[in-house]
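Me: I'd like to learn how to read a structure like this one, feature by feature. Could you walk me through it?

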Amino acid sequence: MLPSLAIPLALACTGFVVAQILGRTSLVSGVVGGVVAVYAEMIVLAAALSIGGNLNPRAAASASAIVAVGAITGWVSIGRPRAEWGAGARRLARIVADDKLLLALAAIVLCSLGYLLALSLATPHAEGDSLAYHIARAGYLLQQGGLGAV
């Protein structure tokens with residue numbers, strides 16, 4: 001599998017497992033916990049791989065896969081707790097479906113999010129900050145093999 005596909009897949013797997021473990025009380029705690037775990041994983045792996053100058057796509061994919069397997073193993077070893085979001089989500093869906101104003105607002109929000117997603121995936125970065133600094137810095141970090149002073 002290409003490293004560019006393996007990294008997000010492994011991160012999503014880790015985030016899902018953490019969300020299942022932490023989301024036993026509410027959807028919000030599960031989603032926030034999963035997102036925080038994924039960001040923490042990205043930062044820790046980037047720093048750890050930078051120590052030996054091994055920050056490259058293949059090493060990042062391997063490290064992300066190892067963390068995902070570890071998260072799944074831990075989840076299975078504690079009895080595979082599952083988040084119980086179904087009842088709350090069904091109740092929320094009924095509330096939104098019963099109120100026409102909320103339904104219209106939800107449709108507008110979903111259409112806006114779909115448009116933003118399509119726009120962010122289909123258009124290249126064109127603002128000066130990302131062209132002059134962020135994209136160049138990512139290339140520099142890949143060339144140097146790790147995080148460090150620029």
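Me: Happy to start anywhere. Where is Ala-83 found?

Reply: Ala-83 sits in the loop between α3 and α4 (86–98). Please keep in mind that this model is predicted.

Me: Is Ala-83 buried or exposed?

Reply: The usual way to decide is to compare the relative accessible area with a cut-off, and buried means under 20%. Ala-83 has a relative accessible area of 17%, so this residue counts as buried. Its C-alpha atom is separated by 7.5 Å from that of Ala-19, and the two residues are 64 apart along the chain.

Me: And how does Val-32 come out, buried, partly exposed or exposed?

Reply: Val-32 is found in helix α2. Its relative accessible area is 47%, so Val-32 is partly exposed. From Val-32 to Val-18 the distance is 9.6 Å, C-alpha to C-alpha, with their positions 14 residues apart in sequence.

Me: Let's zoom out. How many helices and strands are there in the protein?

Reply: The protein has six helices and zero strands. Read along the sequence, that gives the pattern α-α-α-α-α-α. Of the 150 residues in the protein, 24% are buried. As for contacts with a separation of 6 or more, 61% of them are between residues 24 or more positions apart.

Me: How should I read a single helix, and which residues of α2 are buried?

Reply: Here is the general idea: an α-helix has 3.6 residues a turn, so residues three or four places apart point the same way. In α2, the buried residues are Gly-30, Gly-33, Gly-34, Val-38, Glu-41, Leu-45, Ala-46, Leu-49 and Ser-50. You can also check the span: α2 has 25 residues and reaches 37 Å from its first C-alpha to its last, close to the 36 Å expected at 1.5 Å a residue. Just after α2, Gly-53 takes a positive phi of about 70 degrees.

Me: Which residues make up the largest nonpolar core?

Reply: In soluble globular proteins, nonpolar side chains tend to be buried together. Here the largest nonpolar core has seven residues: Leu-45, Ala-46, Leu-49, Leu-55, Ala-59, Ala-60 and Ala-63. At least two residues of this core come from each of α2 and α3. Leaving aside residues up to four places away in sequence, Ala-46 touches Leu-55 and Leu-147.

Me: Finally, the pocket. Which residues line the largest pocket?

Reply: A good habit is to read the volume, then the lining, then its classes. The largest pocket holds about 250 Å³ of space. Its lining consists of Ile-7, Leu-11, Glu-41, Met-42, Leu-45, Ala-46, Leu-55, Asn-56, Pro-57, Ala-60, Ser-64 and Leu-142. Two or more lining residues come from each of α1 (3–22), α2 (27–51) and α3 (57–77).

Me: Which helix gives the most to that lining, and how does the lining divide by class?

Reply: α2 gives the most, with four residues. By class, the lining has nine nonpolar, two polar and one charged residues.

Conventions. Residues numbered from 1 in each chain as written. Predicted model: local features only at pLDDT ≥ 70, side-chain atom pairs only at ≥ 80, totals over all residues. Heavy atoms only, no water. 1 Å grid on protein atoms, 1.4 Å probe; cavity = no way out; pocket = protein on both sides within 12 Å on 5 of 7 lines; lining within 4 Å. Points joined across faces, edges and corners; volume = space filled by probe spheres on them. Nonpolar A, V, L, I, M, F, W, Y, C, P; charged D, E, K, R; others polar. Core = buried A, V, L, I, M, F, W, Y, C linked by side-chain atoms within 4.5 Å. Buried < 20%, exposed > 50% of the residue type's maximum accessible area, 1.4 Å probe, protein only. Contact = heavy atoms within 4.5 Å. Expected span 1.5 Å × (residues − 1).
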